[in-house]
Amino acid sequence: MSTKAMGIFLLFLVLLAVPQAAPESDTVTCRKMKGKCSFLLCPFFKRSSGTCYNGLAKCCRPFW
């Protein structure tokens with residue numbers, strides 16, 4: 001095996017070994033913003049600001 005082919009092979013192995021960054025789910029984002037997930041309307045004194053459970057529920061956060 002030539003040195004060029006060996007270098008390409010090693011680069012390929014390194015790219016496979018590097019973990020891929022997974023996007024954060026909308027539920028985790030809601031919890032980080034101090035929100036609560038609700039399948040119904042948001043409770044009184046809370047507003048909808050995004051989604052939860054891959055768009056199936058609303059992220060409800062306090063007004064203040």
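**Exercise 1. Classify glycine 50 by accessibility and describe its surroundings.**

Glycine 50 has a relative accessibility of 38% and therefore counts as partly exposed; buried means under 20% relative accessible area, exposed over 50%, and partly exposed in between (1.4 Å probe, protein chains only). The structure is a predicted model, in which local features need pLDDT of at least 70 and side-chain atom pairs count only at pLDDT 80 or more, while totals for chains, interfaces and linings use all residues. Residues are numbered from 1 along each chain as its sequence is written, and side-chain values use heavy atoms, with hydrogens and water left out.

Step 1: place the residue. Glycine 50 belongs to strand S2. Helices (H or I, at least four residues) and strands (E, at least two) are DSSP runs, numbered from the N terminus.

Step 2: list its contacts, meaning heavy atoms within 4.5 Å. With neighbours within four places in sequence left aside, glycine 50 is in contact with Ala57, Lys58 and Cys59.

Step 3: take a C-alpha separation. From glycine 50 to cysteine 37 it is 9.5 Å, and the two residues are 13 apart along the chain.

**Exercise 2. Work out the strand order of the sheet and its pairing.**

Step 1: apply the pairing rule. Two strands pair if DSSP finds at least two bridges between them. S2 and strand S3 (residues 57–62) are antiparallel, with 5 bridges. In this pairing, lysine 46 stands opposite proline 62 in S3.

Step 2: write the order. The 3 strands form an open sheet in the order S1-S3-S2, and the pairing is antiparallel. Strand S1 (36–38) and strand S2 (46–52) are the edge strands, each pairing on one side only.

Step 3: give the twist. On average, neighbouring strands of this sheet are turned by 40° against each other, direction ignored. Axes are lines fitted to C-alpha atoms, for helices over the stretch in contact, and angles run from 0 to 180 degrees between N-to-C directions.

**Exercise 3. Find the disulfides, assign their handedness and state what they connect.**

Step 1: search the whole structure for pairs of cysteine sulfur atoms within 2.5 Å. The search gives 3 disulfides.

Step 2: treat cysteine 30 and cysteine 59. Their S to S distance is 2.0 Å. The torsion about the S-S bond is about 90°, so this disulfide is right-handed. Cysteine 30 lies in helix H2 (residues 26–32) and cysteine 59 in strand S3, so the link ties together parts 29 residues apart in sequence. Cysteine 30 is buried at 1% relative accessible area, and cysteine 59 is buried at 1%.

Step 3: treat cysteine 37 and cysteine 52. The S to S distance is 2.2 Å. With -80° about the S-S bond, the link is left-handed. Cysteine 37 is in strand S1 and cysteine 52 in strand S2, 15 residues apart. Cysteine 52 is buried, with a relative accessible area of 0%.

Step 4: treat cysteine 42 and cysteine 60. Here S to S is 2.0 Å, and the torsion is about -80°, so the disulfide is left-handed. Cysteine 42 sits in the loop between S1 and S2 and cysteine 60 in strand S3, so parts 18 residues apart in sequence are tied together. Cysteine 42 and cysteine 60 are buried.

Step 5: count bonded cysteines along the chain. The pattern is 1-5, 2-4, 3-6.

**Exercise 4. Describe the charge environment of aspartate 26.**

Step 1: place the residue. Aspartate 26 is in helix H2.

Step 2: test for a salt bridge, that is, a side-chain nitrogen of Lys or Arg within 4 Å of a carboxyl oxygen of Asp or Glu. Aspartate 26 is buried and has none; arginine 31, the nearest side chain of opposite charge, is 9.3 Å away. Lys and Arg count as positive and Asp and Glu as negative; His and the chain ends are not counted.

Step 3: list its contacts. Not counting residues up to four places away in sequence, aspartate 26 touches Thr51, Cys52, Tyr53, Asn54 and Gly55.
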